[in-house]
Amino acid sequence: MVISRPIQGKHRKIKDRINIILFAIFLITPFIRFGGKPLVLLDIPARKFYIFGLVIWPQELYFLHIILLFLGFSLFFWTALAGRLWCGYACPQTLFTEAYNWIARKVTKDRFGKPSMKKSDWAVVYVVWFFMSVFFSLVFLSYFKPYEETIKQIINLEFFVPTTFIPENWVIFTVLSTGAAFFNMAYFRENLCRLVCPYGRFQVALLDRFSPIVTYDVKRGEPRKKPNEKVGQHKGDCIDCKLCVLVCPTGIDIRDGLQVGCLHCGLCVDACTNVMSKFNKETLISYKTMEQIDNPNSKIKYFRPRTVIYGTILTVLLFVFSYLLITRVPIYTSVLRDKAISNVYIPNQGWRNGYEVHIGNLSFNPLDAEIEVQSNYKFNILTESKEINIKPEGYEKVRIILEYPEVEGKPQGYSVPITFVIKDKNNPKHVKVVKSFFTFPVS
Ligand code: SF4
Ligand code: SF4
């Protein structure tokens, strides 16, 4: 496990501010309620996703798909525009590494990672890290299960499925998540970036010669100081102090060139800036584009085909999402044919078909729904009530029997089209239309 040395500098300050904001968002978001409803909750068992005041049902998963597409293309856009910002500043792996290191320094009185660190310090660090992992796992769980329920179950010691010794799903989730977090932070860490994370692999495809990356100035730096040379005897500016390597969270040497393990966090920039400032020289490591390395006077080009294409896709996704949101009718409907009442003929009366109309209220307000049947043919609706009240986020089904009177004369063919119209009585704009058909027996 790499334990990077702390360093002061411009990028460290930026990272600290971003870390605090993102951590606050992570820790607070699942506990925010508006009108009793969660701000963000991915309730998988109930198949409902609460996202910023919107409750998304499985029938509306396209909202979630658009959000995920938007996040994916944002990653592409920002990488092309400004390099691996995500890895260096916003990735959870980066954030948690910072948090675990910060707490380890606090509990060991800054001995963390230093030769003066004792075995007893490690024991304390591991215990603290374990409880941090439990805490973060419970926060993470709150994105998928209302925290009120979890607290209640913990207080009542309800860890097992009633009358069995099978752990509840949330207990299994928390144990696995705690184990993964602890293993990751106490052992695996930088290997996740270097060996596992797929994003690091396809960075080459996302970056072009105009994307800012952290680079070492080979022309100025080399030949670097050799071990047997004194500072000043070497031709290049690099004094081979290795501070850039010691501060690197993944333990790589940026002087070896662009690598998958480089998060582009800029901490080695801070390190070299500090070292070179002692010699009144500019840093050897900086954010530069490949173009700037070849032509030092060139400026960063922000408008390029790939940034424009990604930007356009993001804008289109934003418009599509806004349009779908504005025109959203918070009613789910489906109509199933009732097989028990299908093609029934009652002499001297007519033909009957049965239907099950399923209505879901996708809003946080009660729904007064009215069902109407439209057709070019005249039907009698043999149902007690065509109106139904559905509670917020509720779901109901209504049985409807349609009768085609014999006096109208049987139409040609074996079926005629009909349309079910489901309206919100309190909001005439909220209308859902479902096509179906009425069948006659084959004579
Ligand atoms: S911090 Fe700068 S001077 Fe020191 S080894 Fe790295 S590149 Fe060379
Ligand atoms: S090489 Fe520099 S920019 Fe890359 S991860 Fe290490 S410290 Fe961060």
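How do the residues of the shell around ligand 2 divide into nonpolar, polar and charged? Keep that in mind while you find your way around this predicted model.

Start by colouring the chain by domain: domain 1 covers 10-205, domain 2 covers 213-305 and domain 3 covers 331-439.

Now select ligand 2 and show what surrounds it. You'll pick up Val 214, then Cys 248, Pro 249, Thr 250, Ile 252 and Ile 254, and further along Cys 262, Leu 263, His 264, Cys 265, Gly 266 and Cys 268. That settles the opening question: nine are nonpolar, three are polar and none is charged.

Hop over to ligand 1 next. Its surroundings include the cysteines Cys 238, Cys 241, Cys 244 and Cys 272. Add Tyr 216, Ile 239, Met 276 and Ile 285, along with Asp 240, Lys 242 and Arg 255. Here the shell has eight nonpolar residues and three charged ones, with no polar residue.

Time to look at where domain 1 meets domain 2. Their C-alpha centres sit 32 Å apart, and 17 residues of domain 1 touch 19 residues of domain 2. Together the two domains bury about 1500 Å², with 57% of that on carbon and sulfur atoms. Don't go hunting for salt bridges between them, as the count is zero; instead, display polar contacts, where ten residue pairs turn up.

Finally, select the helices on the domain 1 side: α1 (10-28), α2 (61-82), α3 (85-90), α8 (190-196) and α9 (198-201) each supply at least two residues that touch domain 2. α1 gives the largest share, four residues. Colour this side by class and you get five nonpolar, five polar and seven charged residues.

Terms used. Residues are numbered from 1 along each chain as its sequence is written. Chains are lettered from A and ligands numbered from 1 in the order in which they are written. This is a predicted model: local features need pLDDT of at least 70, side-chain atom pairs count only at pLDDT 80 or more; totals for chains, interfaces and linings use all residues. Side-chain values use heavy atoms; hydrogens and water are left out. A residue is near a molecule or strand if one of its heavy atoms lies within 4 Å of it. Ala, Val, Leu, Ile, Met, Phe, Trp, Tyr, Cys and Pro count as nonpolar, Asp, Glu, Lys and Arg as charged, and the others, Gly among them, as polar. Domain bounds come from an automatic or database domain assignment. Contact means heavy atoms within 4.5 Å. Buried area is the accessible area (1.4 Å probe) that two parts lose on being put together, summed over both. A salt bridge is a side-chain nitrogen of Lys or Arg within 4 Å of a carboxyl oxygen of Asp or Glu. A polar contact is a pair of N or O atoms within 3.5 Å; within protein, one must be able to donate a hydrogen and the other to accept it, and residues adjacent in sequence count only if both atoms are side-chain atoms.
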